Amino acid sequence: MLGYIIYGEGPKRPELGDLQLSGGNFVTLRMGLEAHPNGLMARYRARQGARLLREAGVRSAVFPVDFPYTALFIRQGILPVDTLPLRRTLAAPLTRRRLEAGGFQPTQAVVAIAGDRAVREVTECAKALALSYRYVLLSARGAENFSKSLRREYGISLLLDPSPDQLNRADALVLFSPRTDLSQDNPILYALYPGGEAGRGRLPLCLPAGIRAQTAANCDEEQLAAALYAMGALPLETLLAEIPG
């Protein structure tokens, strides 16, 4: 069960409710704004709200933007919805779309994917892009078996263990882990690891206007998009269409 925290005009004492958005069901927690959010009473009410969510079976919730009690809720076992899995799922189709928009030809564009290890998210991204582009570079430990299976099944060859210079010269670079040895000046860049969304390589998430109109003013729309996708309430194609080119 996912939660949805509403922090604004409302009762001082936290209250549970329910909300349906685009077919996704949420347990809501409504909390009134506090004049002194760091005061003892305000923090007591915040702990009470977190406990209500936890007792309702909620372990992850859509948090408001600039919510003053995020750290407190995390300590109480209520985590913000993780947007990283959705960003990683969108990386391959969005990279393909941006390459097409930029006039990069499938037989000439150089696409690079880099991660610590050849985990599923890394290999799925590499496979999706390798099916569309001739030159795909993959930098990830343990990618040899994946590369062999790709060549055996599809006749596709990847360039494994590319040098930093080769990664820097790629037209598109998708990073699944930090790389301090790269300039990251590629025409297309996505940084898909914790903290990567704060820099140039940020992959944005956007909600359809109809859903956005139903949300609280300070709702974290990216968390809500990730929550609705995880519930199966928003298809990937809809989310992709909302991201600016």
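Visitor: How many bridges join β9 to strand β10, and in which sense do they run?
Guide: This is a predicted model. In it, β10 covers residues 188–191. One bridge pair is Leu175 with Ala191 in β10. The count for β9 and β10 is 4 bridges, and the two strands run parallel.

Visitor: Which residue in β9 is the bridge partner of Ile113?
Guide: Strand β6 spans residues 110–117. β6 and β9 pair in the parallel sense over 4 bridges. For Ile113, the partner in β9 is Val174.

Visitor: Which residues cover the two faces of strand β9, and are they buried or exposed?
Guide: β9 takes in residues 172–175. One side carries Ala172 and Val174, the other Leu173 and Leu175. Both faces are covered, and all four residues are buried.

Visitor: What is the strand order in the open sheet of 5 strands?
Guide: The pairing in this sheet is mixed. β2 (15–21) and β5 (79–80) each have a single partner strand, so they stand at the edges and one side of each lacks a neighbour in the sheet. The order is β2-β3-β1-β4-β5.

Visitor: Which residue in β3 is the bridge partner of Gly17?
Guide: β3 holds residues 24–32. It is joined to β2 by 7 bridges, and the two run antiparallel. In β3, the partner of Gly17 is Thr28.

Visitor: At what angle does helix α1 run to β3?
Guide: Helix α1 is formed by residues 40–55. It lies across β1 (2–8), β2 and β3. Its angle to β3 is about 160°.

Visitor: What angle does the direction of helix α8 make with that of β3?
Guide: Helix α8 covers residues 221–231 and packs on the sheet. It touches β1, β2, β3, β4 (60–62) and β5. With the direction of β3, α8 makes about 150°.

Visitor: How far does α1 reach from its first C-alpha to its last?
Guide: α1 has 16 residues. At 1.5 Å a residue, the expected reach is 22 Å. The model comes close to that, with 22 Å.

Visitor: Which residues of α1 are buried?
Guide: What covers the buried part of α1 includes β1, β2, β3 and α2 (70–75). The buried residues are Ala42, Ala46, Gln48, Gly49, Ala50 and Leu53.

Visitor: Which residue with positive phi follows α1?
Guide: Move on past the end of α1. There phi is near 90°. The residue is Gly57.

Visitor: Why does Arg88 count as buried?
Guide: Arg88 is found in helix α3, residues 84–101. Buried means under 20% relative accessible area. Arg88 counts as buried because its relative accessible area is 16%.

Visitor: Which residue's backbone oxygen does the side chain of Arg88 reach?
Guide: Set aside the neighbours within four places in sequence. Arg88 is then in contact with Glu121, Phe176, Leu192 and Tyr193. The side chain comes to 2.8 Å from a backbone oxygen, that of Leu192.

Visitor: How many helices and strands does the protein chain have?
Guide: The chain has 245 residues, and 46% count as buried. Its C-alpha atoms fill a box of roughly 60 × 35 × 30 Å along the principal axes. The secondary structure comes to 9 helices and 10 strands.

Visitor: What share of the exposed area do carbon and sulfur atoms supply?
Guide: The protein chain exposes about 12000 Å². Carbon and sulfur atoms supply 49%.

How values were computed. Residues numbered from 1 in each chain as written. Predicted model: local features only at pLDDT ≥ 70, side-chain atom pairs only at ≥ 80, totals over all residues. Heavy atoms only, no water. Pairing = 2+ DSSP bridges. Contact = heavy atoms within 4.5 Å. Axes fitted to C-alpha atoms, helices over the stretch in contact; angles between N-to-C directions. Buried < 20%, exposed > 50% of the residue type's maximum accessible area, 1.4 Å probe, protein only. Polar contact = N/O pair within 3.5 Å; in protein donor to acceptor, adjacent residues only side chain to side chain. Areas by Shrake-Rupley, 256 points an atom, 1.4 Å probe, with all protein chains shown as cover. Expected span 1.5 Å × (residues − 1).
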